[in-house]
Structure formats: structure tokens, C-alpha cells
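Could you walk me through this model in my viewer? I would like to know what to select at each stop and what I should find there.

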Amino acid sequence: MKNKLLERYDRGVPRYTSYPTAPHFDDAVGPADYAHWLSALPPGATLSAYLHIPFCDSMCWFCGCHTKIVARHAPVADYLDVLLREISLVGDALGSPRPLGHLHFGGGSPTMLTPVEVARAVEALGRSFTMQDDTEFALEIDPRDADRAMIRAWAWAGATRASLGVQDFTPEVQRAVNRVQSYKATAQVVEWLRATSVQQINIDLMYGLPYQTTKGVERTVRKVITLAPDRLALFGYAHVPWMKRHQRLIPDEALPGAVERLRQSQAAAALLLDAGYVRIGLDHFARPEDSLARAQSAGTLRRNFQGYTTDSAMALIGFGASAIGDLPQGYVQNIVPIKAYSEAIRGGHFAVARGRHLSSDDRVRRAVIQRLMCDMAVDLAAVGADFGLAPDTFDKELASLGPLVRDGLVAVEGTRLHVTAQGRPLVRAVCALFDRYLVTQRARHSRAV
Ligand SMILES: C[S@@+](CC[C@H](N)C(=O)[O-])C[C@H]1O[C@@H](n2cnc3c(N)ncnc32)[C@H](O)[C@@H]1O
Ligand code: SF4
């Protein structure tokens, strides 16, 4: 891509893991709405659950997640008690146990839980949800925390997939982000996982980190390929020091610029494609036989708060501080500070701080953005028709695509548009044209590439 195109379109845009995006949630949705929305879920419908464990033992300076550094285990143990209480509150609102499609433990680092705590959490979930033969049970692992006993505990609890944070193996980059993690220790964790029933392995990589170079990214990707993960995520570092104060520890001048970021992501992608991985959406890769690649071919790929997913459950129930739920009526987000979240739950109340009741306009725009993020293409008239809308509903947006079409980033045929290979890194900027909230209220976001 030419530098001038990057300059033109590499603006702050959301990652579109939801629409409307989280900065546009507000307090018009609260605990009473959530109770009502949960009780309205049809009894036989498959649900999914996300449990947030907001603790780590040291801070990676690039981190954009909701997490807290703890030196002792007591706060984690206290939090787990509260989380179990929230599971039981949700169970009461649901009324009867529901089939579970996907279960995801994220963070922070779920590997901060002890084996006994893992067993307690899964046992508590078992009272409100029924595991199916094909329930996908995933957890995020900080390989620096993991040991064999802990991995056995997760396997014993039913885990089937693990996502390991790697980012970059270059020592200079690791020191600059306060995350020193060897290839050897990472490979050991993969070996321990493969010796259990946790057979599906994902690896997270990043580009755009301080002092990162294309050569270093390539070295990291080559090493990671030897671990033969089923899926990879390749995230562009989102530098948002106005939101995440610890990111100020990363010197601005050490950050690669837009052109170098693009080069790094393209170099990583080329190696992964060459190794037989299929590109999924904006920033994921999977083996062709992996369910994510199959969902992409079938047009059933979805995007949620964890990234790209095969999850087709009617609702995603979020548990824990800052966790977001996605229900048929709209989104809910729990209180972010752990103390205030815990007080609400200990008081016997849901801890919903904010949310968004979906309007019909939100739903149709969400469908357009979801298809663009997943398929790099969308037929606007077909999506509109699903919602009973006229074929010209998006004429204004189609017209606003003009500059992107002239720059070769998007191709339009009638009401069908597709993002070209050149435009793919900028797909979020294409989605932004359909984002009614972004057009009217500009929140600050990370760069597009
Ligand atoms: C919750 S962490 C994964 C589990 C574990 N805490 C770890 O880091 O190993 C989720 C992933 O988000 C990505 N990530 C974190 N902060 C980011 C940022 N500012 N920009 C882009 N990706 C980020 C990293 O790739 C990280 O592995
Ligand atoms: S271990 Fe993961 S969640 Fe924790 S600070 Fe590092 S990137 Fe963030």
C-alpha cells in the first residue's frame, strides 16, 4: 500500500468487536434490565459464557486489557468467591440450567487461579449450565505462569482450547514491554497442553511494539510455526496511553510508524500463509481444517469480544468485573473496578454499570459491520432485506465509499461491496463509514493498521 493511502486512512477507529462499540454504552441499561433480559431467554436456547479474571502477576507495558497486578493470592481468592456468587445470581434469573455452547476464561490471566479454584468455578457453572459433548471450553494462558499441575487441572475441568500470549520473542522488545518470555518455556507449555485433552492451541502475536522490526517479527513467526498452533492472532499494538497510563512507560519514539507497522504485519502474514495457514478476517490465521477456517468458508464466521469465533449461541453471558454480555435485547457491561463490582454482587445485585439497548438501526448496522469484519464483503441490499428495509437504505454510505473505491481499497458492484486485498488492513476504516455513533461523537481509538 502506498504511504499516502496509509496517511489518509490510518486514523483512530474502533476494533468493532461489537456494534455499537463499548464507548457508546451508557447507564440507560442497568441491573433491572439485565435481570429481565436473562429471564426472557428461551429455556432450550444454547448460551455461551465468558468469565473475566482481571489479575496478573506483572504488568506488560503494552497491555490494553482490564487487569490488576497482585503480589498476593488473597485478592484473587476473594474475587473468585464473588464470581461464584454472580454465577448463582445469573442461574437464579435463568431459572433452569441452559445448554452451554462456548465457555471462555479470559483476562488478565486465568492462569492466576489455583487448580482448586478452577474446579470450583467449573462446578458452579455446572449448576446453571449444561456442558454438551461439543462445548468449546477455552482459556487464555500466560505461559510464564503455567506449570504442569495447573494445566492438568484445566484439562480435568474440561478445557479443550488454550490461547497463549507470546507477542514477540526478540529480547530487546521483551525488555521494552516488561515481558520476558523464552521460546523454550513457551514450547514447554505447548507440550504440556498437548499431553492432555487441551488439544486446540492458539497463539497471540503482536506487531507495532517498541523496537520491533520486520526481521524480528519474521524470526518470531518462524519460531511460532514450529509450535504448530491451530490458530494465531496477529494484533497491531493499540497504543492508547490516555486510557492505559502504564503505556506511557513505552517511549513514543521507539514505536514503529504506520509504514513499518504495515510491513511487519504483511511479513508475518506472508510467512503464515506460506506455512499453510488461512487468513481469517482482519487479524487471525487458522489451519484450513480448523473450525474457524471452515466457518469462514461457510459464511458463518462471527466476531465477538474475544475476536473471531464460531460461537453461534443466542446470548453470551459475561461474568466478572468489566465483563460484557451480548443478549438478544442488547449489550451489558459490568462495573470495571473490582472493589465496586464485588460490593454490588456481595449485596445480592447484578453489577451492570452500562449497556446498550439495541435499536433496529443498531441491529442492521451491526449486521453490515459484522459481515465486513468477517467476510471482507457485504451485500447491503441483502442485509437490509433481512431487516425489512428498502434496497436504497445505505445509499448515503455507498456514496461516501467513493474515495476508498478510487484508491482501490474497496470495490462496489451494485449494492455489494468487497474490501480488496490492498484494503484489508484498513477494513475497520470501511466499517467506520457505517458507524452512526462514530460519525456523530468521536471517541478516541487506536490507529486503523
Ligand atoms: C488477556 S491477554 C492473553 C493472556 C495472558 N494475559 C497473556 O498475556 O499471555 C490477551 C492478548 O491481547 C493482546 N493485547 C494486549 N494488549 C494489547 C494492545 N494494547 N494492543 C493489541 N493487542 C493487545 C496480546 O496479544 C495478549 O496476548
Ligand atoms: S499477562 Fe496478558 S493481561 Fe496480563 S498484563 Fe500481560 S498482556 Fe495484559
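The tour below goes from the ligands to the open and enclosed spaces in the protein. Keep in mind throughout that this is a predicted model.

**Stop 1: ligand 1**

Select ligand 1 and the 21 residues around it; the ones that come nearest are F62, Q167, R179, D204 and A238. Now colour that shell by residue class: you should find 9 nonpolar, 8 polar and 4 charged residues. Switch to a cartoon view and pick out β5 (129-141), β6 (161-167), β7 (200-207) and β8 (231-236), since each of these strands gives the shell at least two residues.

Next, zoom in on the polar atoms of the ligand. An oxygen atom of ligand 1 has a polar side-chain atom of D204 at 2.8 Å. Two backbone contacts involve nitrogen of the ligand: a backbone N or O atom of A238 is 2.9 Å from a nitrogen atom, and a polar backbone atom of G64 is 3.0 Å from a nitrogen atom. If you turn on a surface, note that ligand 1 on its own has 560 Å² of accessible area, of which the protein covers 89%.

**Stop 2: ligand 2**

Keep F62 and R179 selected, as both also belong to the surroundings of ligand 2. Add C56, S58, M59, C60, C63, G108, S109, D142 and R144 to complete that shell. By class, the shell holds 5 nonpolar, 3 polar and 3 charged residues.

**Stop 3: the largest cavity**

How many cavities of 30 Å³ or more does a search of the whole structure find? There are 3, and the largest of them encloses about 40 Å³. To outline this largest cavity, select F62, V166, Q167, D168, V173, Q174, V177, R179 and L209. Both β6 and α6 (171-176) contribute at least two residues to the lining, which comprises 5 nonpolar, 2 polar and 2 charged residues.

**Stop 4: the second largest pocket**

Finally, move to the second largest pocket, with about 500 Å³ of space. Centre the view on R302, R303, D326, R366 and Q370, the closest to the middle of the pocket among its 25 lining residues. Then show α12 (360-375) together with β11 (302-304), β13 (315-319) and β14 (324-327); each supplies at least two lining residues. Which element gives the largest share of the lining? That is α12, with 7 residues. Colouring by class here gives 13 nonpolar, 5 polar and 7 charged residues.

Methods:
Residues are numbered from 1 along each chain as its sequence is written. Chains are lettered from A and ligands numbered from 1 in the order in which they are written. This is a predicted model: local features need pLDDT of at least 70, side-chain atom pairs count only at pLDDT 80 or more; totals for chains, interfaces and linings use all residues. Side-chain values use heavy atoms; hydrogens and water are left out. A residue is near a molecule or strand if one of its heavy atoms lies within 4 Å of it. A polar contact is a pair of N or O atoms within 3.5 Å; within protein, one must be able to donate a hydrogen and the other to accept it, and residues adjacent in sequence count only if both atoms are side-chain atoms. Accessible areas come from the Shrake-Rupley method with a 1.4 Å probe; for residues, only the protein chains shown count as cover. Helices (H or I, at least four residues) and strands (E, at least two) are DSSP runs, numbered from the N terminus. Ala, Val, Leu, Ile, Met, Phe, Trp, Tyr, Cys and Pro count as nonpolar, Asp, Glu, Lys and Arg as charged, and the others, Gly among them, as polar. On a 1 Å grid over the protein atoms alone, a cavity is a set of points where a 1.4 Å probe fits but cannot get out, and a pocket is an open set with protein on both sides within 12 Å along at least five of seven lines; lining residues have an atom within 4 Å of a point. Grid points are joined across faces, edges and corners, and a volume is the space filled by probe spheres set on the points.
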